[in-house]
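Visitor: I'm new to reading protein models, and I'd like to slow down on one part. Could you walk me through the charged pairs and then show me what surrounds them?

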Amino acid sequence: MSAERIDLAGVLQKTGLLSSLTSPEVQLLAARTVRKLFKAGELLFCEGEPCTGLHIVARGKVRIFKTSMSGREQVLAVEGPGSSVAELPVFDGGPYPASVVAIEDSEIAFISRRDFHAYCMEHPDVALKVLAVVGARLRRLVGIIEELSFTTIRQRLVSTLLKLAQAEGKKTTLGVEFHLPYSHQEIANQLGTVRELISRNLMRLQAEGLLDVEARHIVIKDMKGLAALLEASA
């Protein structure tokens, strides 16, 4: 990983939680901020560990996840530059509620729990933004719970494929083509299942003539037909 130093004040200023602060206020907070480097696959912290402070992604990407007793992983979110991690335990004093790992080489701006808590006491508008971020995370978690409780693996996979096609797909003579940004195992972790079922359902959709699969390359041959699978189950 490059040892080039980032501008901590610039990172804080671009973070949603702190965007309302003036330049002098950001500089004061930056003086209390530590730069941390993590290699791809390295844990920032584990679920259940005491919360030491707020982590802000300056560079790279991190994955927030929980692990079951059997070792199966459920992805809660993937966060990139400008996103903060572990806001809630900074305030309630509890342990980290989930684990976070660097997906790629990442740089983190870290503010200790005591310093950030004191800063929010001095700047109530920052505390209100923390509440908004925590609220958005709660809504996302409720959505994950609804999907896991009320939809099948096939439905979740189809929904993911349609979202990727709309966001990253390119129309060609064969259909809508795109490259899966995740491995089958990573998709399984996000959808609350196992890799074998993801692969099996992709092959089933291919056998039905809705798409073609070659490793991570996907061609959706019938967007309407694929979308109809969700409408039929609604």
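Guide: Let's begin with one charged pair and then move outward to other pairs, the cores and two helices. Keep in mind that this is a predicted model.

Start at Glu107, which sits in strand 8 (residues 106-112). Is Glu107 buried or exposed? Its relative accessibility is 1%, so Glu107 counts as buried. Now look for its partner: the side chains of Glu107 and Arg35 are joined by a polar contact of 2.4 Å. The two also form a salt bridge, with 2.4 Å between the closest N and O atoms. Arg35 belongs to strand 1 (residues 33-38) and Glu107 to strand 8, so this pair ties together parts that lie 72 residues apart in sequence. Arg35 is buried as well, just like Glu107. As a rule, side chains of opposite charge can pair when their charged atoms come close.

There's a second pair to find, Arg63 and Glu73, whose side chains meet in a salt bridge of 2.9 Å from N to O. Arg63 is in strand 4 (residues 62-67) and Glu73 in strand 5 (residues 73-79), so here the linked parts are ten residues apart in sequence. Both Arg63 and Glu73 are buried.

For a pair in another setting, try Lys221 and Asp212, which form a salt bridge with their closest N and O atoms 4.0 Å apart. Lys221 has a relative accessibility of 45%, so it counts as partly exposed. Asp212 is partly exposed too, at 33%. Back at our starting point, salt bridges with shared partners join Arg35, Arg59 and Glu107 into one network. How many salt bridges are there? The count comes to eight.

Next, the nonpolar residues. The largest nonpolar core has 39 residues, and those with the most contacts inside it are Leu12, Leu18, Leu44, Ile56 and Phe116. Take Leu12 as your way in: leaving out residues up to four places away in sequence, Leu12 touches Leu18, Val26, Leu29, Ala30, Thr33, Ile56 and Ile111. Apart from that core lies another one, of 21 residues, including Leu157, Ala165, Leu202 and Leu211. In soluble globular proteins, nonpolar side chains tend to be buried together.

Two of those names lead us on to helices. Leu202 is one of the buried residues of helix 8, along with Ile198, Asn201 and Leu205. Why do these four belong to one side of the helix? They cover an arc of only 105° around the axis, which puts them on the same side of helix 8. The general pattern is that an α-helix has 3.6 residues a turn, so residues three or four places apart point the same way. On the other side of helix 8, you'll find Arg200 and Ala207 exposed. Helix 8 itself runs over residues 195-207, and its 13 residues reach 19 Å from first C-alpha to last, close to the expected 18 Å. After helix 8 comes Gly209, with a positive phi near 80°.

Leu157 takes us to helix 6, where it is among the buried residues, as are Arg154, Val158, Leu161 and Ala165. Helix 6 (residues 153-168) has 16 residues and reaches 22 Å from its first C-alpha to its last, close to the 22 Å expected.

Key
Residues are numbered from 1 along each chain as its sequence is written. This is a predicted model: local features need pLDDT of at least 70, side-chain atom pairs count only at pLDDT 80 or more; totals for chains, interfaces and linings use all residues. Side-chain values use heavy atoms; hydrogens and water are left out. Helices (H or I, at least four residues) and strands (E, at least two) are DSSP runs, numbered from the N terminus. The expected span of a helix is 1.5 Å times one less than its number of residues. Buried means under 20% relative accessible area, exposed over 50%, partly exposed in between (1.4 Å probe, protein chains only). The arc is that of the directions from the helix axis to the C-beta atoms. A nonpolar core is a set of buried Ala, Val, Leu, Ile, Met, Phe, Trp, Tyr and Cys residues joined through side-chain atoms within 4.5 Å. Contact means heavy atoms within 4.5 Å. A polar contact is a pair of N or O atoms within 3.5 Å; within protein, one must be able to donate a hydrogen and the other to accept it, and residues adjacent in sequence count only if both atoms are side-chain atoms.
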